[in-house]
Amino acid sequence: MPGFELFGAEERKEVNDVLETGILMRYGFDGPRKGIWKAQELEKAITETFGCQYAQLTSSGTAALTTAMVALGIGAGDEVIMPAFTFVASFEAVLSVGAIPVLVDVDDTLTLNPDAVKNAITPKTKCVMPVHMCGSMADLDALSAICHANNLILLEDACQSIGGTYKGKALGTIGHAGTFSFDFVKMITCAEGGVVMTNNKDVYTKADGYTDHGHDHLGVDRGADLHPFIGYNFRISELHAAVGLAQIKKLNIFLELQKKNNKALRAYLEQIPEVSFRRVPEGGEDSCSFLSWFLPTADQTQAVVNEMKAQGILAGNFYWFANNWHYISKWDHLKNATTLSRISAEQEAALTKLQSTVFADSDAIMSRCISTAISLVWTEEQIQEKGTKMIAVINKVLGK
Ligand SMILES: *Cc1c(COP(=O)(O)O)cnc(C)c1O
């Protein structure tokens, strides 16, 4: 997954362009910046690479989600249906706009189960937010149909799936809006950064203003800009954008290596009939940032994790079920509504209700799933060693 593995001369060149002018901000200073506009260039590259009409860079993927929600009109008391397996940022963003995260089950795609989404719709539901976890995607046709039938917004958290596609379209460009993260461990990194993508001009214009204190960006004099609404500061800097610009130009190389290494490792695990793999919805193409696989039972999966740990080969293998950042079972701060300042009574009630909500279907999936992160820089020998050791551990646990 991580673009930082192939960081080098290209990134240094783009950053140096900015350092030479000394204009580290993306707006204004038209003369001294000598034609260097890295954030604008990166936004253009994003629209061209992923095939969307508009892209608004932000300071992080979390900020991109918040911005997208605000621009889509999601706010106080609105319910956002999202999966119980995701990164904490997804619900942080929902809470940040005063909305209510409604967590529902995932299926063997490791993303939203469309039936669970249907069952969770109430008169307050405003948005469905699939999270395309670990490089692959939710069943976007099914979710789009549900959103269409119920007049709901589809917002894709594609932060982890840069480069994945569904029926020929880039993930993140299919819903009313979608987001990527460019944090340090994502497919493309800016160190910190994110983007809101949309084909809706109004959503884009709002995202553009919102991320810069509500400035309308219509005049040539920034100081004279009007403020059609209240905004915030979620700007990306030119230095960060410069890194991302170098990275996006190498995306095809990253994806090629990732797919090759994923396939090579998968060939080892496929030798074990008891191992099955994450389902990719029909018409989808996995970005292959992870190889996600299942064992028949939760006990066997835990035993494999324990054995990998004992042998010192657990690094890069994620057992999300017992992981503090990614699964509902460990989100005590969310379930206890532990916030630093007061939240609305409505939000608090929705969060504490999670203490008694059962996610049996998700538990049954996630307790049997291990995701192996795919490195861009593995050699064939390293993959062979990894695959052979993994097979040995699994066979030992299976008693073979
Ligand atoms: C990384 C990530 C985010 C947030 O991105 P940051 O840039 O780290 O704020 C949001 N959602 C998912 C699924 C992520 O993996």
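Here a biologist and a modeller talk through a predicted model, its ligand and some of its helix pairs.

Biologist: Let's start with the ligand: how many residues surround the ligand?

Modeller: Happy to begin there! A residue joins the shell if one of its heavy atoms lies within 4 Å of the ligand. The closest are Gly61, Thr62, Ser181, Asp183 and Lys186. Counted in full, the residues that surround the ligand number 15.

Biologist: And how do the residues of that shell divide into nonpolar, polar and charged?

Modeller: Each residue of the shell falls into one of three groups. The charged group holds 3 residues and the nonpolar group holds 5. That leaves the polar group, with 7.

Biologist: Which helices each supply at least two residues of the shell?

Modeller: Have a look at two stretches of the chain, 61-71 and 89-96. Each of them is a helix that supplies at least two residues of the shell around the ligand. Their names are H3 and H4.

Biologist: How far is an oxygen atom of the ligand from a polar side-chain atom of Thr62?

Modeller: Let's take the side-chain contacts together, using a cut-off of 3.5 Å between N or O atoms. An N or O atom in the side chain of Asp157 is 2.9 Å from a nitrogen atom of the ligand, and one in the side chain of Asp183 is 2.6 Å from a ligand oxygen. For Thr62, the distance from its polar side-chain atom to an oxygen atom of the ligand is 2.4 Å.

Biologist: What share of the ligand's accessible area does the protein cover?

Modeller: On its own, the ligand has 380 Å² of accessible area. The part of this area covered by the protein is 94%.

Biologist: Now the helices: is H9 roughly parallel or roughly antiparallel to H14?

Modeller: H9 covers residues 251-269, and its axis comes within 9 Å of that of H14, crossing at roughly 30°. Angles under 35 degrees count as roughly parallel. H9 passes H14 in a right-handed crossing. With that angle, H9 is therefore roughly parallel to H14.

Biologist: What about H1 and H8, roughly parallel or roughly antiparallel?

Modeller: H1 (residues 9-21) and H8 (residues 238-248) pack with their axes 8 Å apart, at an angle of about 150°. The cut-off here is 145 degrees, and angles over it count as roughly antiparallel. So H1 and H8 are roughly antiparallel.

Biologist: Last one: is the crossing of H10 and H14 left-handed or right-handed?

Modeller: H10 spans residues 298-310 and H14 spans residues 380-397; their axes are 9 Å apart, at an angle of about 130°. That angle makes H10 oblique to H14. As for its hand, the crossing is right-handed.

How values were computed. Residues numbered from 1 in each chain as written. Predicted model: local features only at pLDDT ≥ 70, side-chain atom pairs only at ≥ 80, totals over all residues. Heavy atoms only, no water. Polar contact = N/O pair within 3.5 Å; in protein donor to acceptor, adjacent residues only side chain to side chain. Areas by Shrake-Rupley, 256 points an atom, 1.4 Å probe, with all protein chains shown as cover. Helix = DSSP H or I, 4+ residues; strand = E, 2+ residues; numbered from the N terminus. Nonpolar A, V, L, I, M, F, W, Y, C, P; charged D, E, K, R; others polar. Axes fitted to C-alpha atoms, helices over the stretch in contact; angles between N-to-C directions. Parallel < 35°, antiparallel > 145°, perpendicular 65-115°, else oblique. Left-handed = near helix turned anticlockwise from the far one by under 90°.
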